[in-house]
Amino acid sequence: MLRMLRPAMRLASVQAAAAARIAPRTVPAASSLKALPAFTSYLQRSAGFHSHSSAFQAVNQEVVSEEEIVEDTLPTRFDEIASLHLNTAKAIKNVFKYETMSKVQSEVLSLLPTDSDMFVKAKTGTGKTLAFLIPALETVMAKTDPKVLRNGDMATVMIVSPTRELAQQIAEEARKLASTHRFNVHCLVGGESKGQQIRQLNNKRVDIIVGTPGRLNDMIESVGEFRRQLEGVKTLILDEADQLLDMGFKDSIESIVDSLPKDRQTLFFSATVSKQIKSIARTSLKPDFTFIDTVDPNEANTNLQVNQSYCITPYEQQLPLLARIIEEHKAQNPNGKVMVFLPTTRGTQLYASLFEELTSYRLFSLHSKKSQEQRTRTSDRFRKSRGSIMFTSDVSARGVDYPDVSLVIQVGIPSSKEQYIHRVGRTGRAGKTGEGVLMITPMEKGFLNVMNDLPLTQNETAKNIDEIMQDEHLTSRLEAAKQAQDPEMIRDAFTAYLGYYTGRTDVLTCPKNDILESAKEYIVNLGADEPPHLSDMFLTKLGFNSRSRSSSSSRSRGGFSSGGRDNYKGGDRDRSSSRYGGQRGGYARSNSRSNSFDRNDRTGRRDSRDFTDKFFSKD
Ligand SMILES: Nc1ncnc2c1ncn2[C@@H]1O[C@H](COP(=O)(O)OP(=O)(O)OP(=O)(O)O)[C@@H](O)[C@H]1O
């Protein structure tokens, strides 16, 4: 039903909608954006951030359908949400200093006051955190006994996050928003002293709990007082709901849900929606939940202001190309940060170590082999730094908000298309521009089949690969960097590589023994004199049959060295990686299913009854 609209708002929205319609759908180079105000406004809108000035910049008047008007006449300013609690409004204005809302924020907050359950899908970096924190606090203020609020000895909000980094980041945002209410936020994540967390729960106010599933469950099972505190929870939020399930937290989530009062509001937030999440939503959300999808079904699930490209090169060319891409980007964006994602922890360590030798830029590396203290410190330093580079595994793939990341490079195929989307979402946040590059080898090109609805073009720098390979300054520095690497680290990266890629045969269209060949090329081009020895038992464990082995060893460069070691322990994907283990085989299929879900649904909010069938359709 069409909302009552003030005439000025209606005109602005018609103009804004017109701007969106006349704008081209391809992304121009960042440098040309300044010259195109209407286009820039379109990009900001596509990124999910409203811009008042942009809405009025567009002059083309067009007849816009009622449906478009409804979407565009949602409130755009926080002060239009009349029901907001005074303290919440104060925090937004004075602490965050925000005036306008992002698209997902206006979609969600325009429903206030409400305590209904919601499933919200919005692109990465579009302000989902505040979009769930604000309604949660509003529900708490409306539904909690004032005496309980005064005493502060019962938790009222529980937020579950897949990774420690994200939990800490959400806790920071929650502290800012709750500061005017004088509520306290506890962040319960693994890797930190449980005893200290319990002491703080006993000694300080308890209002908002943010945590990772493992530590939350541990506390629920072992701390009776914590179980009592949870009896006050009014709102449960699952952030990055998709990833929580991808990481195998289904059982943990179910037991967290069981320990909370039945009479509560539940909010699911995610940038992607998989089949698994639909199934858990069915059991955890009330049947009349509200579904909000802010992603236009005709639009890619990545931010349009991020220029995305791919390159397919053999390993011999990949490292020089990576160095050149970073170099060229840094020349144009000296203060922009670069994030380089690798599929395995060992690979992350090796690439970071190589680039330590190669560049003078400030370098960071982040992966699960670091202690929690080191991870937090690295994460903080990278956040505050300027113009630095981070080599990282998927611990940084989702939800983490590092300001000013201008380039995201993914070396090797990610664990899924969803993971690609989340990784590339570390740039182009809050409506800013950014660049994403996917670097793969011929063995991996089958992955592009599942990416064909994303706007990837061929990488421009890669077109100069012959010239890059002739760059003696670059290649000699690279050789020196390779020589400086610890042979054991290289061997570890090799076995991790095999563990990762043998689990990805669903998406690799090449014969399996190409993986073995490719692993050897990989390692030789990262500095190994020759590929490590692999025993028959080890190869059998990875599923290489004797025929493929003999053909691959006859083709191997220099053969296997003796005296090597098999240290494969099932790959070293970080826990945060998705679809590892039992689910790996289902990648391509489950992806295409979620695509069809994306395509079939219309953008915008709907009452769940209208589309529950489609949402939960058995596909
Ligand atoms: N209304 C707003 N105005 C300006 N900036 C905002 C607003 N809301 C959020 N931001 C900023 O936008 C950035 C992205 O926000 P946030 O991390 O909540 O996005 P997200 O959608 O949760 O991203 P992801 O999917 O990666 O988790 C943050 O730096 C945040 O501070």
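**A walk through the predicted fold**

The chain folds into 27 helices and 15 strands, where helices (H or I, at least four residues) and strands (E, at least two) are DSSP runs, numbered from the N terminus. The model is a predicted one, so to speak of local features a pLDDT of at least 70 is needed, side-chain atom pairs count only at pLDDT 80 or more, and totals for chains, interfaces and linings use all residues. Residue numbers start from 1 along each chain, as its sequence is written.

Half-and-half is a fair start for burial: of the 619 residues, 50% count as buried. Here a residue is buried if 20 or more other C-beta atoms lie within 10 Å of its own, exposed if 12 or fewer, and partly exposed in between, with C-beta atoms placed from the backbone. Contacts tell another part of the story. Among those between residues at least 6 apart in sequence, 82% join residues at least 24 apart; two residues are in contact if their C-beta atoms, placed from the backbone, lie within 7 Å.

Next come the helix pairs, with H17 (residues 345-358) taking part in two of the packings described here. Against helix H21 (residues 472-483), H17 packs at an angle of about 130°, and the axes are 9 Å apart. Axes are lines fitted to C-alpha atoms, for helices over the stretch in contact, and angles run from 0 to 180 degrees between N-to-C directions. That angle makes H17 oblique to H21; angles under 35 degrees count as roughly parallel, over 145 as roughly antiparallel, 65 to 115 as roughly perpendicular and the rest as oblique. The crossing of H17 and H21 is right-handed. A crossing gets that name if the near helix is turned clockwise from the far one by less than a right angle, and left-handed if anticlockwise. On the H17 side, Leu354, Glu357 and Leu358 do the touching, and they meet Arg477, Leu478, Ala480, Ala481 and Lys482 in H21. Sorted by class, the residues of this contact are five nonpolar, no polar and three charged. For the classes, Ala, Val, Leu, Ile, Met, Phe, Trp, Tyr, Cys and Pro count as nonpolar, Asp, Glu, Lys and Arg as charged, and the others, Gly among them, as polar.

With helix H22 (residues 487-502), H17 packs at about 140°, with axes 8 Å apart. That makes H17 oblique to H22, and the crossing of this pair is left-handed. The contact takes in Thr345, Arg346, Gly347, Gln349, Leu350 and Ser353 of H17, along with Met489, Ile490, Asp492, Ala493, Ala496 and Tyr497 of H22. It holds six nonpolar, four polar and two charged residues.

Then there is the ligand. Around it sit 19 residues, of which Gly127, Lys128, Thr129, Gly399 and Ala430 come nearest; a residue is near a molecule or strand if its C-beta atom, placed from the backbone, lies within 6 Å of it. Helix H7 (residues 128-143) supplies the largest share of this shell, three residues. By class, the shell has six nonpolar, ten polar and three charged residues.

Alanine 430 is also worth a look for its backbone: its phi is positive, about 50°, although it is not a glycine. It is found in the loop between helix H19 (417-424) and strand E13 (434-440), and is partly exposed, with 14 other C-beta atoms within 10 Å. Lysine 97 has a positive phi too, near 60°. This lysine lies in the loop between helix H5 (86-96) and H6 and is exposed, with 7 other C-beta atoms within 10 Å.

A little further along, leucine 112 and proline 113 are joined by a cis peptide bond, with omega about 0°. Proline 113 lies in the loop between helix H6 (103-109) and strand E1 (118-121). Leucine 112 turns up again with threonine 139: the two are 27 residues apart along the chain, and their C-alpha atoms are separated by 9.1 Å. Threonine 139 lies in helix H7 and is buried, with 22 other C-beta atoms within 10 Å. Leaving out residues up to four places away in sequence, threonine 139 touches Asp115, Lys234, Thr235 and Gln265.

Two other residues round off the tour. Asparagine 307, in strand E8 (residues 306-312), is buried, with 22 other C-beta atoms within 10 Å. Proline 532, in the loop between helix H23 (513-524) and helix H24 (536-541), counts as buried with 22 C-beta neighbours inside 10 Å.
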